[in-house]
Amino acid sequence: MTDISRRSFLKLLPAALLSLCLPGLKAASASSKSDIIFLRQLMAEDPCCRTIMWHSLQPHGNVQLQYKLNDAAASVSSISPKTDKFTLGDEDFYICTARLESLQPGHIYSYQVIQDNEASDWQKLSVPAANQPFKALIFPDSQCSDGYATWHNVAETGFSKNTDAAFFVNMGDLVDNGAAMFQWRQWFQAIEKHLPQLPFAPVMGNHETYNLQWLCHLPKAFLSFFALPGNGSLKWQRYYYDFTYGSVHFIVLNTMMEELDPLQPGLLDSQLPWLTQVVKASTAKWQVVLMHKDIINYEAALTDNPYDSIDPVGRVFMPYFDELNIDLVLTAHQHTYRRHDHIKNFRPALDGPVYIDTGNAGNCRYDVPRTRHFDKVMLPQPEVDNYLTLTAAETKLTVNCYSHDGLLMDSCTLAK
Ligand SMILES: [Fe+2]
Ligand SMILES: [Fe+2]
C-alpha cells in the first residue's frame, strides 16, 4: 500500500467533521482555569539534560521554571524559558521552552512552572545513573478519527502497566493531520497526566507533513511543539536526532524524503553522513534506530526475490545499518505488528539488524498481507491495537509487544 493510497483513504474523513470538531474543543480549552497547558518533558541528547515545554493562551510577564533535587535541604534554582508566539490555522498561542542542564546522574528532581500568579504542581524528573538498566514504552502510530479515544486507551494501558518506564516514544503519525490543531489538542489531552513526568521522544511521520488540504507541507506544528536535540543542521533542525539513554544509543531518523524533497530538498543527503558519524562516535553498547516508514513494500509482498519486496526507504538505509552494525530497527507506518527479525544484505539472516514494525495505537487500520520472506511474526488477525516495551539490561535488549489490554503477544531478546 503506497502513501498515495493512505492519503486517499484519509480524504474519506469529511472536511465538515473537522470543522464541526473545532469550536467545542476550542471552548473547552479556553474555559480551563490554568494557562500552563500541555506541560511536557522532552528527551535531550543526554539524560542529564532535559527540555521542558508548555503552551499558554496569553503572554505572561513573569515566567520561570523552578527545579530542585528531591532533598529537604536542597535549594530551588530558577531559569527563564524562551517564549515564542505560534499560529496554527486561526489559533494563536505561546510556546514556552526551558532547558535544564548538568543534572546529577542517579538523582530525582522536582520542577514547577511559575507564570505570573499561577504555579503548576511540582512534577517529578528522574535522571538515570550511567548505564542504568531501563525500560522504555514504544507506541506505534496514534493517528485517530475518534477524538483520540483509542490512543488514550492504548496509552493509558501502557502507562498504567509500566509505571517503571523511564521514557516513552511515539513512532510517528502522532496525529492524522499535522496542521489540525484540534487533533494535536486531542492527542496531548489523551496523555496529559503523563507528559509532565516522563520524557518523550517523538518520531516524525508522514501525517505530520500534511496540511488541511491533505497536501504536503513543512511540518510546522511538529517542529514547534517538540524542541528536540540538535543534529548540526539548521536546515533540518528537529527533523532527525539522536540521544543516549543508559546503554542504548537511539538514532531517530526521518524517512519523509518523498513528502519533503519537493518542498525542501536534501533530507537524505544531510542525514546519511550524520547517521554514520553519530553511530561511529557512540560508545554505547546498543545501537537502536527509530524511524517511521517500514522497510517492506507490501504491494510486492509475495515476490520470489526478497529484494523486490524491500521498500525504497529500506533500500536506502539498510546497507548503512548493515555496515554500522545496528542492533535493532523499529519502524511503523503500516499499522500492523510484524517482526521481520534479522535481515542482512536485503535477505532473511541469522545476524544483522533485527527489524520490527511496531504496530498500531490508533483506530486506522490497513489491509496488509503477510510477506513471503520477511514477516517472521505477525499477530492473530484481525489484529488488535498494541504497544511495546524496550528493556535494556546489562547484556540483553528485549522488545515485548503487548495488546491494547496488556496481554503479551510477542517477545524478542538480543544478547551480547
Ligand atoms: Fe500511520
Ligand atoms: Fe505513516
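Once sequence neighbours within four places are set aside, Leu290 in this predicted model is in contact with Val169, Met171, Val203, Phe250, Val252 and Leu330. Leu290 also turns up, together with Ile138 and Phe139, among the residues with the most contacts inside the largest nonpolar core, a set of 110 residues. That core isn't confined to one part of the protein: domain 1 (3–12 + 131–415) and domain 2 (37–127) each put in at least three residues. As a general backdrop, nonpolar side chains tend to be buried together in soluble globular proteins.

The two domains, 3–12 + 131–415 for domain 1 and 37–127 for domain 2, have C-alpha centres 27 Å apart. Where they meet, domain 1 supplies 23 residues and domain 2 supplies 22. On the domain 1 side, the elements giving two or more residues are H4, strand E12 (200–202), helix H5 (220–225) and strand E13 (241–245). E13 has the largest share of that side, with four residues. In terms of chemistry, the domain 1 side breaks down into 18 nonpolar residues, three polar and two charged.

H4, one of the elements on that side, is mostly covered, with eight of its ten residues buried. The buried set runs through Met181, Phe182, Gln183, Trp184, Arg185, Gln186 and Trp187, and then takes in Ala190. Leading up to this helix, the loop between strand E11 (167–170) and helix H4 (181–190) holds Val175. With 28 other C-beta atoms within 10 Å, Val175 counts as buried, the cut-off being 20 or more. Residues up to four places away aside, Val175 touches Gln183, Trp184 and Trp187, along with Gln143, Ala180 and His207. Three of these partners, Gln183, Trp184 and Trp187, are themselves on the list of buried H4 residues. Further along the chain, Phe222 is 47 residues away from Val175, and the C-alpha atoms of the two are separated by 9.8 Å.

Helix H8 (residues 312–323) shows a clear division of sides. Its buried residues are Val313, Gly314, Phe317, Met318 and Phe321. Looking down the H8 axis, these fall within an arc of 115°, so they line one face of the helix. The spacing makes sense in general terms: an α-helix has 3.6 residues a turn, so residues three or four places apart point the same way. Over on the other side of H8, Pro319 and Glu323 are exposed. The cover for the buried residues includes three strands, E15 (286–293), E16 (328–332) and E17 (337–344). Just past the end of H8, Asn325 adopts a positive phi of about 55°.

Strand E5 (residues 82–88) is another story, being hardly covered: none of its seven residues is buried. E5 pairs with strand E6 (residues 91–100) in the antiparallel sense, and seven bridges join the two. Within this pairing, Lys82 stands opposite Thr97 in E6. The two strands make a hairpin with two residues between them, and Gly89 in the turn has a positive phi of about 65°.

Note on methods. Residues are numbered from 1 along each chain as its sequence is written. Chains are lettered from A and ligands numbered from 1 in the order in which they are written. This is a predicted model: local features need pLDDT of at least 70, side-chain atom pairs count only at pLDDT 80 or more; totals for chains, interfaces and linings use all residues. A nonpolar core is a set of buried Ala, Val, Leu, Ile, Met, Phe, Trp, Tyr and Cys residues joined through C-beta atoms within 7 Å. A residue is buried if 20 or more other C-beta atoms lie within 10 Å of its own, exposed if 12 or fewer, and partly exposed in between; C-beta atoms are placed from the backbone. Domain bounds come from an automatic or database domain assignment. Two residues are in contact if their C-beta atoms, placed from the backbone, lie within 7 Å. The arc is that of the directions from the helix axis to the C-beta atoms. Two strands pair if DSSP finds at least two bridges between them. Ala, Val, Leu, Ile, Met, Phe, Trp, Tyr, Cys and Pro count as nonpolar, Asp, Glu, Lys and Arg as charged, and the others, Gly among them, as polar.
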